[in-house]
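The following exercises are to be worked through with the sequence and the coordinates at hand. Each task is followed by a solution in steps.

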Amino acid sequence: MLGPPGVGKGTQARRLAATCGCAAISTGEILREAAARATPLGLEARRQMDAGRLVEDEVMIGLVRERTAGPDARCGFVLDGFPRTVAQAEALGAMLAARGQELDVVLYLWVGEEELIRRLRGRRECPVCKRAYNPEGAPARDGRHCDDHPGAELRPRADDTEEAIRQRLAEYRVKTAPLVDYYTAAGRLRSVPGAGTVEEVFQSLRREAGCDRRVEQAT
Ligand code: AMP
């Protein structure tokens, strides 16, 4: 899944993975977990994340290599938040080729920048399951607690401060947006507008990803 911060990649990647019967792998989530465990990698990553900067390519490539080799990724995976640079995309291509795997599709989810900023400012997450909520597009049932963890009060993500939001959008424009051309040239890109309800966007992504076809083939 390719797209700017706040466009809804995480929410949609989880749903797509559940539908296609494969693993959802979020690099942001891996880093936040490492930060919560206070591992050396996690502590360094937190500094970058809180400032809205990307973590080094080498670190990210190593993490993804390890995570995609896990048992739950054997039937395939949806990557959320990786690759974010051309170097990462090249490493992913080499990694898959070495394993005899193929990149099926790159889903490019997009909305305008004003809408992104609005979504990032309103975003809240469950501290337990990390599900993202938004008062407008995806509100929690009671507005304050996770639907699935009623004791968990929703909170903003640490990197959703005004300064970090600005920096992440700048990083996206310079380092990640070139991947749209990169994957268009490779004939892999499918562009999906991220406006609309979570359900509407999901149905468009599902069509473009060919999820139904994949599930049929596997059964
Ligand atoms: P996300 O949860 O995808 O919004 O990612 C949160 C933060 O984690 C980003 O702003 C980066 O600091 C870091 N991060 C996640 N994925 C990557 C990646 N592929 N390359 C570099 N930094 C990343």
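**Exercise 1. The ligand and its surroundings**

Task: Determine which atoms of Gln 88, Gly 81 and Arg 32 approach the ligand, and characterise the shell around the ligand.

Solution. The model is a predicted one. Begin with Gln 88: a polar atom of its side chain is 2.9 Å from a nitrogen atom of the ligand. Gly 81 contributes a backbone N or O atom, which lies 2.8 Å from a ligand nitrogen. Arg 32, by contrast, uses a polar side-chain atom, 2.9 Å from an oxygen atom of the ligand. Next, consider cover: on its own the ligand has 480 Å² of accessible area, and the protein covers 96% of this.

Then consider the shell by residue. It holds 16 residues, of which Thr 27, Arg 32, Arg 53, Gly 81 and Arg 84 come nearest. Sorted by class, six are nonpolar, four polar and six charged. Helix α2 (residues 27–36) supplies the largest share, four residues.

**Exercise 2. Two helices, each with a buried face**

Task: For helix α1 (residues 9–20), compare the expected span with the modelled one, and establish where the buried residues lie around the axis.

Solution. Twelve residues at 1.5 Å a residue should span 16 Å, and the end C-alpha atoms of α1 are 16 Å apart, so the two values agree. The buried residues of α1 are Lys 9, Gln 12, Ala 13, Leu 16 and Ala 17. Viewed down the axis of α1, these residues fall within an arc of 135 degrees and therefore line one face of the helix. The general background is that an α-helix has 3.6 residues a turn, so residues three or four places apart point the same way. Just after α1 comes Gly 21, with a positive phi of about 70 degrees.

Task: Repeat the analysis for helix α9 (residues 198–209).

Solution. Helix α9 also has twelve residues, and its first and last C-alpha atoms are 16 Å apart, close to the expected 16 Å. Its buried residues are Val 201, Phe 202, Leu 205 and Ala 209. They cover an arc of only 100 degrees around the axis, which places them on the same side of α9. Gly 210 follows α9 and has a positive phi, near 65 degrees.

**Exercise 3. Backbone geometry in loops**

Task: Describe the peptide bond from Phe 82 to Pro 83 and the phi values of Ala 38 and Lys 130.

Solution. As a reference, most residues other than glycine have a negative phi, and most peptide bonds are trans. The bond from Phe 82 to Pro 83 is cis, with omega near 0 degrees. Pro 83 belongs to the loop between β2 (77–80) and α5.

Ala 38, which is not a glycine, has a positive phi of about 60 degrees. This residue sits in the loop between α2 and α3 (40–51). Its relative accessible area is 45%; because values between 20% and 50% count as partly exposed, Ala 38 belongs to that class.

Lys 130 has a positive phi as well, near 70 degrees. The loop between β4 (124–125) and β5 (132–133) contains it. With a relative accessible area of 22%, Lys 130 is partly exposed.

**Exercise 4. A serine at the end of a strand**

Task: Is Ser 26 buried or exposed, and which backbone atom does its side chain reach?

Solution. Ser 26 lies in strand β1 (residues 23–26). Its relative accessible area is 16%, under the 20% cut-off, so Ser 26 is buried. The side chain of Ser 26 reaches the backbone nitrogen of Glu 29 at 3.0 Å.

Conventions
Residues are numbered from 1 along each chain as its sequence is written. This is a predicted model: local features need pLDDT of at least 70, side-chain atom pairs count only at pLDDT 80 or more; totals for chains, interfaces and linings use all residues. Side-chain values use heavy atoms; hydrogens and water are left out. Helices (H or I, at least four residues) and strands (E, at least two) are DSSP runs, numbered from the N terminus. The expected span of a helix is 1.5 Å times one less than its number of residues. Buried means under 20% relative accessible area, exposed over 50%, partly exposed in between (1.4 Å probe, protein chains only). The arc is that of the directions from the helix axis to the C-beta atoms. A residue is near a molecule or strand if one of its heavy atoms lies within 4 Å of it. A polar contact is a pair of N or O atoms within 3.5 Å; within protein, one must be able to donate a hydrogen and the other to accept it, and residues adjacent in sequence count only if both atoms are side-chain atoms. Accessible areas come from the Shrake-Rupley method with a 1.4 Å probe; for residues, only the protein chains shown count as cover. Ala, Val, Leu, Ile, Met, Phe, Trp, Tyr, Cys and Pro count as nonpolar, Asp, Glu, Lys and Arg as charged, and the others, Gly among them, as polar.
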